[in-house]
Amino acid sequence: MAKKPKIEYLNRMNAAEKRRIKEMSVKLQLLTEALTRRDLADWRRAWQMAINVDNPNRTRLLNLYTDVDADLHLTGCVQQRMGFVLNKSFKLCDTKGVENPELTELLEAPWFKEFLRLALESNYYGHSLIELGDVVEVDGRMAYNRVSLIPRTHVIPEYGVIITHENDTWQVGYDYRNSEMKDWCIEAGGTHNLGLYLKCAQQTIPKKNMCSFWDMFGEIFGMPLRVATTTSRDPKEYDRIERMLRDMGAAAYGLFPEGTTVDLKESTRADAFNVYDKRIDRCNSEISKGILTVTMTMEDGASLSQSEVHRKMLENLIQKDADLIRDLVNWQLIPRMIRHGFPLKGFRFAWDESVDYTPEQQVAYERLLLEHYEVEPKYFVDKYNIPLKRKKDTSSVAVPEVRKTAQQKSGKEEQKMVLPEGEHPFLDKNLTLDHSSGLDDTRSTGFFD
């Protein structure tokens, strides 16, 4: 008869035992991971063990993920994708969408940033079980003293249990979904989700092998072969010649016995660039497609139009990750925080989608406002923390003087002709002289009739 799982006895535990389970203080027997060389056969066997229906075990697959995560190109892709989400602004709003800045500050804490990072890593490692620490008070605000990840090798998400030894079966595990642990655990990722690293392993494993082969090629064919021949039959001379050949380096020299010749054999093999480097480039491009769905954000592009298309595709992917975090916080984290005493009832987590301007854009934006509207000085005082006073308006005093000076400099001041006394019907009383053109206006009403 099979041994009954420990989860059946959970309700009969005493208070101290339940507290021990709630705090995740189960003594997990952690083992040092063996950093052995992997190949695609290991990857396939580990995948098969992880999807075993009767006894799923992800230990070998997760150990292989450690080797996958060491790839630098893959690390750059992951950090780029995660960085866009981690740098987004967020807020806590009520049912009407109005932000509460004081409650938003509750999440502006190190524990929440760690929670976001662990939640985003579930995209790559698969299912992740996140544990919330004890509730403490920091500077008058409630917070968790820590947020940690339960070792993935000790979690069997298909059955919702934690096992003491990473090779135990799920029947002897501790249930974290139907016990007091459920208020302190948050599951990120699907129960059968194995993560993107499962697909990336097909490229990182051959890439590491190709790098090793290239190093081996350089070691064998990169340096000329040193060959020495001698007519001596003395074993001591043999050892001496061998030692001098072995110690040859920069500006090398050797004192060989009579009858010894040294020849350097240059390699005639073709360049290995098209064999090894091209394969490594193909691995990198495939990794970029798997993590970012695009290649031009990590590699050189061909044109601006193509880069714009790739940028929009990446933005869609970032929005997908942002939606995952929003749902996780609203449906799992906030309900648990409310049960732990945080004043978040009736509030929801949302991303702040307001436009973030560059410094140049911000200057142009503020100049536009100042030209068309009256802006309260308090806006600039609060934003730049600079005490401001209103500037005195002196434009009404300076304008008349400026106009007079401009009129004098232009020489275009109109002058009226002074007519002699008496009537002169051949002259126009409205006659004016235009000195600017150098010609006198001699129009009249009857002189040329």
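I began at the start of helix α4, where a side-chain oxygen of Asp71 comes to within 3.1 Å of the backbone nitrogen of His73. I note that this is a predicted model.

I then checked the length of α4, which runs over residues 72-86. At 1.5 Å a residue, its 15 residues should span 21 Å, and the end C-alpha atoms are 20 Å apart, so the two values agree.

I looked up burial along α4. His73, Leu74, Cys77, Val78 and Gln80 are buried, and so are Arg81, Met82, Gly83 and Val85.

Next I turned to the sheet. I found an open sheet of three strands in the order β6-β7-β8, paired antiparallel. β6 (155-156) and β8 (174-175) are the edge strands, each pairing on one side only. Between β6 and β7 (residues 161-162) I found two bridges in the antiparallel sense. Val155 stands opposite Ile162 of β7.

I searched for cavities and found two of 30 Å³ or more. The largest holds about 70 Å³ of space. I listed 13 residues in its lining, and the closest to the centre are Asn57, Arg58, Thr153, Val155 and Ile156. By class, I recorded five nonpolar, three polar and five charged residues in this lining.

The second largest cavity holds about 50 Å³. Its lining consists of Arg58, Leu62, His127, Ser128, Leu129, Ile150, Arg152, Val155 and Pro157. I sorted these into five nonpolar, two polar and two charged residues. I also noted that Arg58 and Val155 appear in both linings.

Methods: Residues numbered from 1 in each chain as written. Predicted model: local features only at pLDDT ≥ 70, side-chain atom pairs only at ≥ 80, totals over all residues. Heavy atoms only, no water. Helix = DSSP H or I, 4+ residues; strand = E, 2+ residues; numbered from the N terminus. Expected span 1.5 Å × (residues − 1). Buried < 20%, exposed > 50% of the residue type's maximum accessible area, 1.4 Å probe, protein only. Polar contact = N/O pair within 3.5 Å; in protein donor to acceptor, adjacent residues only side chain to side chain. Pairing = 2+ DSSP bridges. 1 Å grid on protein atoms, 1.4 Å probe; cavity = no way out; pocket = protein on both sides within 12 Å on 5 of 7 lines; lining within 4 Å. Points joined across faces, edges and corners; volume = space filled by probe spheres on them. Nonpolar A, V, L, I, M, F, W, Y, C, P; charged D, E, K, R; others polar.
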